[in-house]
Amino acid sequence: MLKLRYDMRLGPRNIKYVLSILTSSLWMIIGSSGSACAFQAHGSPEGLYAHQFAHILYASSVTWLGYRIKRSGLMKNRPWRLISISMFILAWWNIWAFCGHIIEYMLPSGHLGPIPGTDRPGILVASWLDIAYYILKFDNLISVPALWLIYMALAEMKKTVK
């Protein structure tokens, strides 16, 4: 059984972590922008390229982490098994979202926008691209279970630490 110990005393090793957190926080404050919106439109095409590259990097990272957990033998422990599974699900989510962005880019203009006479967003379903885009926009149905598995794993780890 895996047991984790945390030393909360302020020793030389922990001072390094505290300083790195303070430095990171300082950089975040200095470099913060005016607003961060939940929905961010990407300027074409550079913004889309950067976003797609981020999906590739994210998918590669979580795949690597899941593979490392599996290869290290930690899969014998349920919490690590849950984390490994969640890493592969997050990789799948990134691929799903990547495809959604490509399909969104391919949609003809005028297929996305407000429903006539309302302020509600809508989509004109006239082709397989519109249907694919609609299905791919449900990407949170993939990411939320992965995050739930991480939460379950951390909760089980916390039980073993006590």
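Strands, such as the one discussed here around Pro 121, are DSSP runs of at least two residues, numbered from the N terminus. Pro 121 has its place in strand S2, and in this predicted model the residue counts as exposed, with a relative accessibility of 71%. When residues up to four places away in sequence are not counted, Pro 121 touches Gly 113, Pro 114 and Ile 115.

The chain as a whole contains 5 helices and 2 strands, and from the N terminus on these elements follow one another in the order α-α-α-β-β-α-α. Of the 162 residues in the chain, 25% are buried. The chain exposes about 12,300 Å², of which carbon and sulfur atoms supply 68%. Among the contacts between residues at least 6 apart in sequence, 62% join residues that are at least 24 apart.

In soluble globular proteins, nonpolar side chains tend to be buried together. In the present model, the largest nonpolar core has 17 residues, and those with the most contacts inside this core are Val 62, Trp 80, Ile 83, Met 87, Ile 89 and Leu 90. At least two residues of the core are supplied by each of three helices, namely H2 (46-72), H3 (78-106) and H5 (140-161), with the largest share, 9 residues, coming from H3. A second core, separate from the largest one, consists of 6 residues, among them Leu 107, Leu 129, Ala 132 and Leu 136.

Helix H4, which spans residues 128-136, has as its buried residues Leu 129, Asp 130, Ala 132, Tyr 133 and Leu 136. These residues cover an arc of only 165 degrees around the axis, and therefore they lie on the same side of H4. The cover over the buried residues of H4 includes H3, strand S1 (112-114) and strand S2 (121-123). One residue of H3 that can be followed in this region is Glu 104, which touches Leu 112 and Tyr 133 when residues up to four places away in sequence are not counted. Although Glu 104 and Tyr 133 are 29 residues apart in sequence, their C-alpha atoms are 6.2 Å apart in space. Glu 104 counts as partly exposed, because its relative accessibility of 31% falls between the limits of 20% for buried and 50% for exposed residues.

On the surface, Val 125, Ile 131, Tyr 134, Ile 135, Phe 138 and Leu 141 make a nonpolar patch of about 610 Å². Helix H4 gives the most to this patch, with 3 residues. Phe 138, another member of the patch, is found in the loop between H4 and H5 and is partly exposed, with a relative accessible area of 40%.

Side chains of opposite charge can pair when their charged atoms come close. A search of the whole structure finds 1 salt bridge, which Arg 78 forms with Glu 156, the closest N and O atoms being 2.6 Å apart. Since Arg 78 lies in helix H3 and Glu 156 in helix H5, the pair ties together parts of the chain that are 78 residues apart in sequence. Arg 78 is itself partly exposed, with a relative accessible area of 41%.

Technical notes:
Residues are numbered from 1 along each chain as its sequence is written. This is a predicted model: local features need pLDDT of at least 70, side-chain atom pairs count only at pLDDT 80 or more; totals for chains, interfaces and linings use all residues. Side-chain values use heavy atoms; hydrogens and water are left out. A nonpolar core is a set of buried Ala, Val, Leu, Ile, Met, Phe, Trp, Tyr and Cys residues joined through side-chain atoms within 4.5 Å. Buried means under 20% relative accessible area, exposed over 50%, partly exposed in between (1.4 Å probe, protein chains only). Helices (H or I, at least four residues) and strands (E, at least two) are DSSP runs, numbered from the N terminus. The arc is that of the directions from the helix axis to the C-beta atoms. Contact means heavy atoms within 4.5 Å. Accessible areas come from the Shrake-Rupley method with a 1.4 Å probe; for residues, only the protein chains shown count as cover. Patches are made of residues with over 30% relative accessible area and no salt bridge: like charges are joined within 9 Å, nonpolar side chains (Val, Leu, Ile, Met, Phe, Trp, Tyr) within 5 Å. A salt bridge is a side-chain nitrogen of Lys or Arg within 4 Å of a carboxyl oxygen of Asp or Glu.
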